[in-house]
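Let's take a walk through this structure together. Keep the 3D view open and follow along as we go from one part to the next.

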Amino acid sequence: MSISVESLADRERIKAVIYTYCQGVDRCQWDKVRDCFTDSAHHDHGTFAGDNDAFITFAAEVLEQMDSTLHHIGNILIDLDGESATSEASFVAYHKMRKGADGPLGLIEADTDWIVAGRYCDRWQKTGEDWHIVERRAVHDWTRTEPSTDG
């Protein structure tokens, strides 16, 4: 199998965008998150579907109910096709929900850890050397909640 230097560089650029998205969400740096997507990007996250600006508003409101989040990415598969691509990246996202929060799990009675595992299924567009997500579908494969053990 022959792989070009350009395709290796494209794969690394796509991975960097996926990692940047996770870091932006975990740090609530919404401009960083916005830059991962085209202006007309579409999101489907199960409980949310809409455009990029609406997604960022939704995510910011949800994360206001949390003390912290941490996303881990693995098994990134990328299929390049010229100036477009598709990818699937596995994730495990840890969410520390504070007592009294009223978010995606309803009213939280005690500090709770909410763990979500799934896949980001993305469609990509290349502009110059930069890659941006055109469409994201977040598939939740499993979730778990448990009492938080840290103080």
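Let's begin on the inside: phenylalanine 48 is buried, and phenylalanine 55 is buried too. Keep in mind that this is a predicted model, with every value computed from it. The two phenylalanines make a good entry point to the aromatic rings, since a search of the whole structure turns up five aromatic pairs. A pair of aromatic rings is described by the distance of the centres and the angle of the planes. For phenylalanine 48 and phenylalanine 55, the ring centres are 5.9 Å apart and the planes meet at 55°, so this pair counts as tilted.

Now look at phenylalanine 91 and tyrosine 120. Their ring centres are 4.4 Å apart with the planes at 20°, so here we have a stacked pair. Phenylalanine 91 sits in strand 4 and tyrosine 120 in strand 7 (residues 112–127), so the pair ties together parts that are 29 residues apart in sequence. Are these two buried or exposed? Both phenylalanine 91 and tyrosine 120 are buried. They also have company, as Tyr21, Phe37, Phe91 and Tyr120 form one aromatic cluster.

A charged residue joins the scene here. Arginine 136 lies over the face of tyrosine 21, 4.3 Å from the ring centre. Arginine 136 also lies over the face of tyrosine 120, this time at 4.0 Å from the ring centre.

Next, the strands. Strand 3 (residues 66–81) and strand 4 (residues 84–97) run antiparallel and are joined by 13 bridges. To find one spot along this pairing, go to serine 68, whose bridge partner in strand 4 is lysine 96. The two strands form a hairpin with two residues between them, and glycine 82 there takes a positive phi near 65°.

Strand 1 (residues 37–44) has partners of its own. With strand 8, strand 1 pairs in the parallel sense over four bridges, and aspartate 44 has arginine 137 in strand 8 as its bridge partner. With strand 2 (residues 49–51), strand 1 runs antiparallel, joined by three bridges. Histidine 42 stands opposite aspartate 51 of strand 2. Strand 1 and strand 2 make a hairpin with four residues between them, and glycine 46 in the turn has a positive phi of about 80°.

Those glycines lead to a backbone detail worth a look. Most residues other than glycine have a negative phi, and most peptide bonds are trans. Which way does asparagine 75 go, positive or negative? Asparagine 75 has a positive phi of about 50° although it is not a glycine. This asparagine lies in strand 3 and, at 63% relative accessibility, counts as exposed. Cysteine 28 also has a positive phi, of about 55°, and is not a glycine either. You'll find cysteine 28 in the loop between helix 1 and helix 2, where it is partly exposed with a relative accessible area of 39%.

Just along the chain is tryptophan 30, in helix 2 (residues 30–34). Tryptophan 30 has a relative accessible area of 16%, so it counts as buried. Its C-alpha is 19 Å in space from that of threonine 47, and the two residues are 17 apart in sequence.

Back to the cysteines. A disulfide is a covalent bond between the sulfur atoms of two cysteines. How many disulfides does the structure hold? The count is zero. Take cysteine 36: the closest cysteine sulfur, in cysteine 22, is 8.7 Å from its own, which is too far for a bond. Cysteine 36 is buried, at 3% relative accessibility. Cysteine 121 is in no disulfide either, as the nearest cysteine sulfur, again that of cysteine 22, is 14 Å away. With 13% relative accessibility, cysteine 121 is buried as well.

Let's finish with the open space. The largest pocket has a volume of about 440 Å³. It is lined by 22 residues, and those closest to its centre are His45, Phe58, His95, Trp114 and His140. The elements giving two or more residues to this lining are helix 1 (5–26), helix 3 (52–63), strand 3, strand 4, strand 7 and strand 8 (130–147). Which element gives the most to the lining of the largest pocket? That is helix 3, with five residues.

Key
Residues are numbered from 1 along each chain as its sequence is written. This is a predicted model: local features need pLDDT of at least 70, side-chain atom pairs count only at pLDDT 80 or more; totals for chains, interfaces and linings use all residues. Side-chain values use heavy atoms; hydrogens and water are left out. Two strands pair if DSSP finds at least two bridges between them. A disulfide is a pair of cysteine sulfur atoms within 2.5 Å. Buried means under 20% relative accessible area, exposed over 50%, partly exposed in between (1.4 Å probe, protein chains only). Rings of Phe, Tyr and Trp (its six-membered ring) pair if their centres lie within 6.5 Å; planes under 30 degrees apart count as stacked, over 60 as edge-to-face and the rest as tilted. A charge sits over a ring if NZ of Lys or CZ of Arg is within 6 Å of the ring centre and within 35 degrees of the ring normal. On a 1 Å grid over the protein atoms alone, a cavity is a set of points where a 1.4 Å probe fits but cannot get out, and a pocket is an open set with protein on both sides within 12 Å along at least five of seven lines; lining residues have an atom within 4 Å of a point. Grid points are joined across faces, edges and corners, and a volume is the space filled by probe spheres set on the points.
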